[in-house]
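Biologist: Before we go through this chain together, could you show me how to read its main features?

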Amino acid sequence: MSRLAFASSLAGALTEFIEEKRAIGYRYLSEVDWLRLFDRHLVAVGHSGADLPRAVVRGWIAKRPHESGKTHCSRVCVLR
């Protein structure tokens, strides 16, 4: 699954998670896009551990200006 190409410290875990979802029958296509953006967020905030500190997660789940409720829910639900 080289096309996933995650770059954060959680790259392996994200890849394994997606592989597991697909192995049990989920297509998991748009969700990969959200997880790719989350991965970029992790890199941007300088996250380097195997944990997910509350501040990092809060930064990701905060509703963005001009973001619709549906988009916000989609982005947050994938991480949940």
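Modeller: What follows moves from the whole chain to one helix. This is a predicted model, in which local features need pLDDT of at least 70, side-chain atom pairs count only at pLDDT 80 or more, and totals for chains, interfaces and linings use all residues. Residues are numbered from 1 along each chain as its sequence is written, and side-chain values use heavy atoms, with hydrogens and water left out.

Biologist: How many helices and strands are there in the chain?

Modeller: Helices (H or I, at least four residues) and strands (E, at least two) are DSSP runs, numbered from the N terminus; here there are four helices and zero strands, giving the pattern α-α-α-α along the sequence.

Biologist: What does the radius of gyration say about the chain?

Modeller: The radius is taken over C-alpha atoms, and the globule rule is 2.2 Å times the number of residues to the power 0.38. For 80 residues a compact globule would have a value near 12 Å, and the 13 Å of the chain agrees with that.

Biologist: Which residues of helix H4 are buried?

Modeller: Buried means under 20% relative accessible area, with a 1.4 Å probe and protein chains only. In H4 (residues 69–79) the buried residues are His-72, Arg-75, Val-76 and Val-78; seen down the axis of H4, they fall within an arc of 160° (from the directions of the helix axis to the C-beta atoms), so they line one face of the helix.

Biologist: What covers the buried residues of H4?

Modeller: Taking contact as heavy atoms within 4.5 Å, the cover includes helix H2 (30–44) and helix H3 (54–61).

Technical notes: Buried means under 20% relative accessible area, exposed over 50%, partly exposed in between (1.4 Å probe, protein chains only).
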